[in-house]
Amino acid sequence: MEKLKNYIYGQWIEGTGAGQPLYNAVTGALVAIADTEGLQLEQALDYGRTLGSRNLSSMTFYERGEMLKKLALYLLERKKKYYALSYKTGATHRDSWVDIEGGFSTFFTYSGLAKRKLPNTPFWVEDETYKISEKGTHLGTHIFTPSQGVSVQINAYNFPVWGMLEKLSTSLLAGVPSIVKPASPGSYLTYAVFQDMIESGFLPEGAIQLVCGEPQNILDYVQDGDSVLFTGSAHTGRRLKSLSSIAGKAIRFNMESDSLNSSILGLDAHPGTPEFNLFIREVCHEMTAKTGQKCTAIRRIMVPEAWIGDVQRALSQTLDQIKIGNPLNRETRMGALVGKEQQTDVQKKVDLLRTETELVYDGQHILLDADYEKGAFMSPKLLLNDRPFEKNISHDVEAFGPVATLMPYRDADEAVALAKRGKGSLVGSIISRDEPFIAEIALKIASQHGRIYVLNRDNAKESTGHGSPLPTLIHGGPGRAGGGEEMGGLSGLYFFLQKTAIQGSPDVLTAITQIYQPGANKKISDKHPFQKYFEEVEVGDAIETGGRTVTQADIVNFSNLSWDHFYAHTDATSLNGTIFDKTVAHGYFILSAAAGLFVSKEKGPVIANYGLEACHFLKPVYAGDTIRVYLMAKEKINRGVKGRNIPSGVVKWWVEVVNQREETVCIATILTLVANRSPFIDLDLKKIASILNCLQEEISPLWGEMTSQHMLEHLEKTILISTGEPEVEKCFSSQIQIETYQDSLYNHQKFPRDFWIPGLPTKGNLPSLVHASFEQAKESFMEQLKRMIIYYKENPQAEHLHPLFGKLNKEMWELCHRKHFTHHFEQFGLI
């Protein structure tokens, strides 16, 4: 029987005790043993604070985002074995999908957020800079840096994978190392995923550690800068939060605990309406998904009192259709509880609830390929609290399984009052199409809920479900729910970051934040910034333009062009009592004229205008005024590029328009897409000829078996294929592969050294040479390259088949040749 090891201070270490047995929730068979006896947990925390913190915090947000994506892809390739283990926890295939691939999805989401919204620096600067002196020589802003500590993450048993990954997604992206402590039941699944994360090699040393089994006294060793994230029962969470090692040192503590979530059927959603049917479906799903073992599951079902019987009958009939049993049976829709201990606990809570409420549905389901005695199975149970304002047990006791309680209400005020009796919930749902009713309920219960989910016929097809936390939205809630917050997009990182105010001169703030601050010195250069690749642009790169005198004709023409005939631009007789002395130039004309002054007219790395973030018109510009522009590179943001897009980054430019009196009339931040410098050679005849001058016949390749002449003849053959000489008859790739391969032509990833396509000779089987000599091969290659360039100038719409990449047009063939030439020129040490 496998004994789960612990991964601490960079080593896999087995506990020295007898350990805790972990059982298959379906069959009762022993699966693994978890043991933490003998571990040096204080040393583990020190290891995370030192090596782990140093390695992670030195990476940029962008690099950490890339790391999350690589990890998610690596795990996704190995998902099959995780499903096999997940079934042993009692989870169905759908439950497992939510846990396993839902966890991976969280990594993907945070990777995307990092690429789109976070900088390529180890710190993060708040958007706004504050002018805190009259002349602007003293400014202030805020920066976020990783807290220099380790995060101890204590997870619940219901989601062995997602529970770990949703916490790691934010802590790793924030640059904070973590120690993962999964709940023992199902920890063998967490262990398998964690093993692969370590084996992937994508994580820096010390970034994550794993403790499987009893946590011993790990929280006794937390120090200033450390943090604790807990998911589990409210009772346990409150006890941990009050520990002297945590409360006495003001350790950051985030708690997400069980809550008595409610779902409210609207007064308009009478039997027969789509909303009534949606309500029944949603409640049934929340009672049975993950066998009701979800902190977001519906526990209190609130129904207009006139329809309480209709809902009870409809729910009972729907629950009767749920097939329970072994998750490996394809017909199974609800599996087992995670273990016998949990089964006993849920039954005790049901018995306690029955002291005040009536059990109105207790399913007598026949199990599929399973046994009630061996497995931890429980049928769904529906209770009725007919006087929910008098009988409080439904608002106090949670049975963490397929159990929920019906309760009637008469009006919106009563629905609100009942929802609030949960004393704080992770999520509450409203199923209705009555918008005033929805708005009233939502606003009144918002203070008691972390999330409010509204469902009706309009969003049903695309809705994500009452019980589904999303990476972009807050997961947490007040009061009984723990008062914590997880995920929520970028706000989920704040828990792990220290926010610090920075004050200083514009030049000092620019140096610290690496974002240009108004008033800082400008680096005027001879080369126009729009002629620089993304890697070459430096914050502060600037130009000062010549002037343009605004005329009355400009104002009239822009009015006609834009159809903006606002009186201030067109009617001098209507200006009495306004801030204008005479007809004024349009603000957007000033911005357009500024662009005409600062753009570079020559083709360069700037691909497109990406947007306008802020624009303010500070002083009027009249006919006869002369404007000039200062353009400065304000900030650089790496950008994740997918598909057939040019690899590029976003540059934010600070635009300052001044008049002839050096008064600032307009400021704006514009965004441009700027291409990354390609690592592949251009199809430039002179440059390639120069490179080939260094190629000698006797040069040996750095890899592979080709000779210099074989390489030239291979490239020449590819050139001929790209012009249809000869026309390739067959592509060996599937349609899905073709799309992926063609997309890859646009990125800046080089061909791997072992790259092989159909038609290439196998190892030890080089083809016969075509040309009589090496020099003839070189001349023929250059001649065919010249012919290809001319061919596509004359036939720009031509397309020809590639044996691997499918049918390629002119652009794709050029990208393919650039990668291909670079690959083989590097093979022979030419570039």
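Two strands count as paired if DSSP finds at least two bridges between them. Helices (H or I, at least four residues) and strands (E, at least two) are DSSP runs, numbered from the N terminus. What you have open is a predicted model, in which local features need pLDDT of at least 70 and side-chain atom pairs count only at pLDDT 80 or more, while totals for chains, interfaces and linings use all residues. Residues are numbered from 1 along each chain as its sequence is written, and side-chain values use heavy atoms, with hydrogens and water left out.

**Stop 1: a hairpin**

Select residues 20-23 and 30-34. These are strands S4 and S5, which run antiparallel and are joined by 4 bridges. Pick Tyr-23 and look across: its bridge partner in S5 is Leu-30. Now add the 6 residues between the strands and click on Gly-28, which takes a positive phi near 85 degrees.

**Stop 2: H2 against H6**

Next, show residues 61-76 (H2) and 187-200 (H6): their axes come within 10 Å and cross at roughly 125 degrees. Axes here are lines fitted to C-alpha atoms, for helices over the stretch in contact, and angles run from 0 to 180 degrees between N-to-C directions. H2 and H6 are therefore oblique to each other; under 35 degrees would count as roughly parallel, over 145 as roughly antiparallel and 65 to 115 as roughly perpendicular, with the rest oblique.

Turn on side chains for Leu-71, Tyr-74 and Leu-75 in H2, which meet Val-193, Asp-196, Met-197, Glu-199 and Ser-200 in H6 (contact means heavy atoms within 4.5 Å). Colour this contact by class and you get 5 nonpolar, 1 polar and 2 charged residues. For that colouring, Ala, Val, Leu, Ile, Met, Phe, Trp, Tyr, Cys and Pro are nonpolar, Asp, Glu, Lys and Arg are charged, and the others, Gly among them, are polar.

**Stop 3: the open sheet and H10**

Move on to the 7 strands of an open sheet with mixed pairing, ordered S16-S17-S18-S15-S14-S19-S20. Find its edges at S16 (358-362) and S20 (449-455), each of which pairs on one side only. The twist from one strand to the next averages 20 degrees. Zoom in on S14 (residues 261-265) and S15 (residues 298-304), a parallel pair joined by 4 bridges; Asn-261 has Ile-298 of S15 as its bridge partner. H10 packs on this sheet, touching S14, S15, S16, S17 (381-384) and S18 (403-409), and its direction makes about 160 degrees with that of S18.

Keep H10 (residues 308-320) and add H9 (residues 274-288): the two pack at an angle of about 50 degrees, their axes 10 Å apart. That makes H9 oblique to H10. Among the residues in contact are Phe-276, Phe-279 and Ile-280 of H9 and Val-311, Ala-314 and Leu-315 of H10. By class, the contact of H9 with H10 has 10 nonpolar, 2 polar and 1 charged residues.

**Stop 4: backbone oddities**

Most residues other than glycine have a negative phi, and most peptide bonds are trans. Select Lys-423, in the loop between H12 (412-420) and S19 (425-431): it is not a glycine, yet its phi is positive at about 65 degrees. Gln-514, in the loop between H14 (506-513) and S24 (523-524), is not a glycine either, and has a positive phi of about 60 degrees.

Last, go to Pro-726, in the loop between H19 (708-722) and H20 (735-744). A cis peptide bond joins Glu-725 to Pro-726, with omega about 0 degrees.
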